[in-house]
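Reader: I would like a close look at the surroundings of the ligand, told with care and with the cut-offs stated. Please carry the account on to the pocket and to the individual residues that help to place it within the whole chain.

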Amino acid sequence: MCLLLLQSYNNMGTMSRCTGWCLLQSDPHGPNPGAEYRRLLGGGGARRHPQSAQHPPAGQWPLVSYPGADASLCGMAATGASGTNAVRYGTIRDNVLNLEVVLPGGQLLHTAGQGRHYRKSAAGYNLTGLFVGSEGTLGLITAATLRLHPAPETTVAATCAFPSVQAAVDSTVHILQAAVPVARIEFLDEVMMDACNRHSKLDCRVAPTLFLEFHGSEQALGEQVQRTEEITQSNGAFHFSWAKEAEERSQLWAARHNAWYAALALRPGCKGYATDVCVPISRLPEILVQAKEDLKASGLTGTIVGHVGDGNFHCILLVDPEDTEELRRVEAFAQQLGRRALALHGTCTGEHGIGLGKRQLLQEEVGAVGIETMRQLKATLDPRGLMNPGKVL
Ligand SMILES: Cc1cc2nc3c(=O)[nH]c(=O)nc-3n(C[C@H](O)[C@H](O)[C@H](O)COP(=O)(O)OP(=O)(O)OC[C@H]3O[C@@H](n4cnc5c(N)ncnc54)[C@H](O)[C@@H]3O)c2cc1C
């Protein structure tokens, strides 16, 4: 991967912490004008930033603009988050080079050593990996050094509608197996597609749909697009629509990123309950078809939307907060989905984390020795149990 190098400010004055926007400024005094990494101060301040639009020549950080409803960068590191581009660029786990962490005892830890941002290392334990996904139980992340990627020369997006969930997900598996370097491949079931049409004023066909995006040179994109069309057609796709203009693409992805709000609008006055799982790609068709059937059988109102290129998908369920019986059914659905993922050698959460609700599932996932090892790590780093007590373990 081509990487440029650029040193960012490590200076509170260059970050807009109160507005929730993180200004990514290059350091004019930095040692090298390229961009390989960016150090960002965390807490709640470093939120959605306008990434490549703001600094196209220097590189982009592809994950930033989407996880959650305005996630912070250090919150993303704390939860092991990812965005729609993870299929091509990896999750935050793959893109964090160093973390600054305030430990429960008050010491400041630089997980990779102060000021370091190497591409690989065989030096000691991977402390960065330990804190990514620790959900605030081991320490407070206050800054993150992130890997940047070069902005692509050309970008093309597409939507593709299918006669069934199976056909859409089979296409995903085949595209990945054919090693098409797709940058995004997102699944929306027909309920989600309908909700997005209404909420974001799209006119996509109401059917199980894939949203795709490809990055590369003009020539490479031509090949990727052709191969993808062949694969989707062989799986019975009945509508393929390309979006080449930036405005069209951003409308499409804005609709995808507003899926949560589109789902909430399906049942005004109700609360959204999101759950997610992740399985090996080869098992994705099986679990998605099953989840869809479970959802119908449960009688709940919900949508399925997924980062299917990673084997990860979400169910967004709409629940009346006053209705305890309905809430119980929603929780039972989430637990059942988690166990289905575990049975297929997957994980009970690809993004949303364990929190309080999936502690039992975590035990089933990693086993007694795994949990005990985690407990020992927690007890060593946070002997007084100050950090998010009760969460995860
Ligand atoms: C509508 C919706 C869509 C979502 N989509 C995605 C998605 O696409 N991809 C994805 O990965 N996740 C998604 N999520 C889950 C969630 O938004 C992400 O995991 C996100 O990274 C959380 O970041 P945050 O800053 O909002 O953290 P919070 O929600 O504020 O906190 C999450 C956890 O991290 C801890 N934490 C927060 N900041 C720090 C810190 N600085 N140091 C240590 N611990 C900290 C908190 O204590 C808490 O336990 C979604 C959630 C919602 C509601």
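Author: The account below begins with the ligand, turns to a pocket, and ends with single residues.

The model is a predicted one, in which local features need pLDDT of at least 70 and side-chain atom pairs count only at pLDDT 80 or more, while totals for chains, interfaces and linings use all residues. Residues are numbered from 1 along each chain as its sequence is written, and side-chain values use heavy atoms, with hydrogens and water left out.

The shell around the ligand holds 22 residues, of which S72, T79, S82, E351 and N388 come nearest; a residue is near a molecule if one of its heavy atoms lies within 4 Å of it. By class, this shell has 9 nonpolar, 10 polar and 3 charged residues, where Ala, Val, Leu, Ile, Met, Phe, Trp, Tyr, Cys and Pro count as nonpolar, Asp, Glu, Lys and Arg as charged, and the others, Gly among them, as polar. Two elements, α2 (73-79) and β4 (140-147), each supply at least two residues of the shell, and α2 gives the most, with 5 residues. These labels refer to DSSP runs numbered from the N terminus, namely helices (H or I, at least four residues) and strands (E, at least two).

Several side chains make polar contacts with the ligand, a polar contact being a pair of N or O atoms within 3.5 Å (within protein, one must be able to donate a hydrogen and the other to accept it, and residues adjacent in sequence count only if both atoms are side-chain atoms). For S72, a polar side-chain atom lies 2.7 Å from an oxygen atom of the ligand, and for K391 a polar side-chain atom is found 2.9 Å from an oxygen atom of the ligand. In the side chain of H352, an N or O atom is 3.5 Å from a nitrogen atom of the ligand. On its own the ligand has 950 Å² of accessible area, of which the protein covers 74%; such areas come from the Shrake-Rupley method with a 1.4 Å probe, and for residues only the protein chains shown count as cover.

Which residues lie nearest the centre of the second largest pocket? They are R93, V132, G133, S134 and M374, among 36 that line it. The elements that give two or more residues to this lining are α4 (92-95), α5 (127-131) and α13 (359-381), and α13 has the largest share, with 8 residues. The lining divides into 12 nonpolar, 16 polar and 8 charged residues, and the volume of this pocket is about 760 Å³. On a 1 Å grid over the protein atoms alone, a pocket is an open set of points where a 1.4 Å probe fits, with protein on both sides within 12 Å along at least five of seven lines, and lining residues have an atom within 4 Å of a point. Grid points are joined across faces, edges and corners, and a volume is the space filled by probe spheres set on the points.

Helix α4 also contains N95, which is buried, with a relative accessible area of 0%; buried means under 20%, exposed over 50%, and partly exposed in between (1.4 Å probe, protein chains only). The side chains of N95 and H149 are joined by a polar contact of 2.7 Å. In helix α6, S171 is likewise counted as buried, at 0% relative accessibility, and a polar atom of its side chain lies 3.0 Å from the backbone oxygen of A167.

Two loop residues have a positive phi without being glycine. A179, in the loop between α6 (165-177) and β6 (184-188), has a phi near 60 degrees and is exposed, with a relative accessible area of 60%. K201, in the loop between α7 (190-200) and β7 (209-216), has a phi of about 55 degrees and is exposed at 67%. Most residues other than glycine have a negative phi.

Finally, H239, in strand β8 (residues 239-243), counts as partly exposed at 39% relative accessibility. H239 and P163 are 76 residues apart in sequence and 9.7 Å apart in space, C-alpha to C-alpha.
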